[in-house]
Amino acid sequence: MASFALTVDVPDEEAELAASVLWDAGCSGVEVRDAEAPPMPGVRGPAPGEAILIACFATEAEAEAARAGLAADFPRARLSVQAVPKEDWSVAWRAHIRPTRVGRLWVGPPWETPPTDAVSLHIEPKMAFGTGDHPTTSLCLEAVDSYLAAHPGCSVLDVGTGTGVLALAARKLGAGRVVGVDTDAVSVALAQENAEANGVHGVELSSATLEEVPGRFNLVLANILANTLVELAPALVAHTGHTLVLAGVLRPQVADVSKAFLAQGLTAGPVAFSGDWARLSFHRRGT
Ligand SMILES: C[S@@+](CC[C@H](N)C(=O)[O-])C[C@H]1O[C@@H](n2cnc3c(N)ncnc32)[C@H](O)[C@@H]1O
């Protein structure tokens with residue numbers, strides 16, 4: 001058995017109307033990806049000035065009927081129908097999670113056994129981002145490992161903590177004060193579960209805004225999308241005592257993101273790449 005997804009790339013100004021047509025056509029749900037709800041790294045986002053709507057239908061006939069209706073009413077929309085195999089997701093997602101070894105760290109799902117010589121973290125991703133195996137996460141884990149090796153006991157702020165993977169890794173590697181924040185309450189709850197499951201204590205996890213987090217941190221980590229990083233630049237820099245590490249940035253976005261942070265008075269450190277993804281680092285002058 002499968003369900004059928006109708007994907008609609010549509011100009012921004014027509015997205016709301018197109019979504020209501022999809023609901024009227026009997027879909028069971030519509031995912032919207034637009035400037036206000038950009039996709040997570042690795043997921044296709046909308047072209048500039050457009051939104052993507054993904055509507056789920058029980059039968060191919062319904063999806064095709066909706067496609068025909070939209071094609072007539074929205075001539076600028078690009079439409080495609082794909083079968084989505086019905087799987088037991090509670091089992092299927094496990095196949096996609098691989099343990100990751102980065103420096104001293106090993107991060108893997110609870111059903112894998114870590115090597116005895118590693119500093120290990122078991123992370124159950126559920127509905128949050130951050131299993132360790134995404135290039136953006138492993139680029140950050142590499143930075144956490146090398147920073148903590150050079151600065152044991154340092155303070156760490158993890159902005160967009162997701163599963164808590166970076167904050168927990170920092171603490172396990174000997175960080176002092178560790179704070180992880182995320183705008184998504186589900187992620188925060190899950191990060192807390194992961195902290196408990198790994199016996200990691202003393203990590204402050206919450207959905208506080210940066211303005212609500214007091215103080216500066218030796219190391220600030222932010223693995224979020226490029227546009228959010230640029231928006232958060234003044235607040236991220238204000239919290240940076242020594243080093244700021246950014247990920248979630250695609251190769252073509254490096255120059256713009258870098259410019260936004262250099263404009264805040266930081267100096268640039270090396271940029272590292274993994275596939276299409278970049279990790280940027282910056283330092284506070286005179287530290
Ligand atoms: C790519 S995930 C990173 C998760 C984890 N830190 C890692 O490196 O794997 C980005 C996270 O940032 C969160 N986020 C998005 N915008 C944010 C914001 N303005 N402030 C804090 N967190 C944000 C999302 O909810 C998501 O959990």
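## Domains and model

The domain assignment gives domain 1 (2-86) and domain 2 (94-284). Such bounds come from an automatic or database domain assignment. The C-alpha centres of domain 1 and domain 2 lie 33 Å apart.

This is a predicted model: local features need pLDDT of at least 70, side-chain atom pairs count only at pLDDT 80 or more, and totals for chains, interfaces and linings use all residues. Residues are numbered from 1 along each chain as its sequence is written.

## Overall dimensions

The C-alpha atoms fill a box of roughly 60 × 45 × 35 Å, taken along the principal axes. The radius of gyration is 21 Å, which agrees with the value near 19 Å for a compact globule of 287 residues. Radius of gyration is taken over C-alpha atoms; the globule rule is 2.2 Å times the number of residues to the power 0.38.

Of the 287 residues, 39% count as buried. Buried means that 20 or more other C-beta atoms lie within 10 Å of the residue's own; exposed means 12 or fewer, partly exposed is in between, and C-beta atoms are placed from the backbone. Among contacts with a separation of 6 or more, 65% come from residues 24 or more positions apart. A contact requires C-beta atoms, placed from the backbone, within 7 Å.

## Secondary structure

The protein has eight helices and 15 strands. Helices (H or I, at least four residues) and strands (E, at least two) are DSSP runs, numbered from the N terminus.

Helix 1 covers residues 12-24, and its Ala 15, Ala 18 and Leu 22 are buried. Just after helix 1 comes Gly 26, with a positive phi of about 100°.

## Helix 6

Helix 6 holds 13 residues, 185-197. At 1.5 Å a residue it should span 18 Å, and its end C-alpha atoms are 18 Å apart, which agrees. The expected span is 1.5 Å times one less than the number of residues. Gly 199 follows helix 6, and its phi is positive, near 65°.

Which residues of helix 6 are buried? They are Ser 187, Val 188, Leu 190, Ala 191, Asn 194 and Ala 195. Seen down the axis, the buried residues fall within an arc of 165°, so they line one face of the helix. That arc is taken over the directions from the helix axis to the C-beta atoms. The buried residues pack against helix 5 (165-172), strand 9 (178-181) and strand 10 (203-206). On the other side of helix 6, Ala 185, Val 186 and Glu 196 are exposed.

## Strands 8 and 9

Strand 8 (residues 156-159) is covered on both faces. Val 156 and Asp 158 are buried on one side, Leu 157 and Val 159 on the other. Four bridges join strand 8 to strand 9, and the two run parallel. Two strands pair if DSSP finds at least two bridges between them. Opposite Val 156 stands Val 178 in strand 9.

## Strands 11 and 12

Strand 12 runs over residues 240-250. Eight of its 11 residues are buried, so strand 12 is largely enclosed by the rest of the structure. Strand 11 (residues 217-223) runs parallel to strand 12 and is joined to it by six bridges. Val 220 has Leu 244 in strand 12 as its bridge partner.

## Strand 15

Phe 282 sits in strand 15 (residues 277-284). Phe 282 counts as buried because it has 23 C-beta neighbours inside 10 Å. Beyond residues up to four places away in sequence, Phe 282 touches Leu 244, Phe 261, Leu 266, Thr 267, Ala 268 and Gly 269. The C-alpha atoms of Phe 282 and Asp 73 are separated by 49 Å, with their positions 209 residues apart along the chain.

His 283 also lies in strand 15. Buried or partly exposed? With 14 C-beta neighbours inside 10 Å, His 283 counts as partly exposed. Leaving aside neighbours within four places in sequence, His 283 contacts His 242, Thr 243, Leu 266, Thr 267 and Gly 269. Trp 277 is found in strand 15 too. Its 22 C-beta neighbours inside 10 Å make Trp 277 buried. Outside four places in sequence, Trp 277 is in contact with Pro 135, Thr 136, Leu 139, Ala 247 and Leu 250. Trp 277 and Val 254 are 23 residues apart in sequence and 9.3 Å apart in space, C-alpha to C-alpha.

Key:
Contact = placed C-beta atoms within 7 Å.
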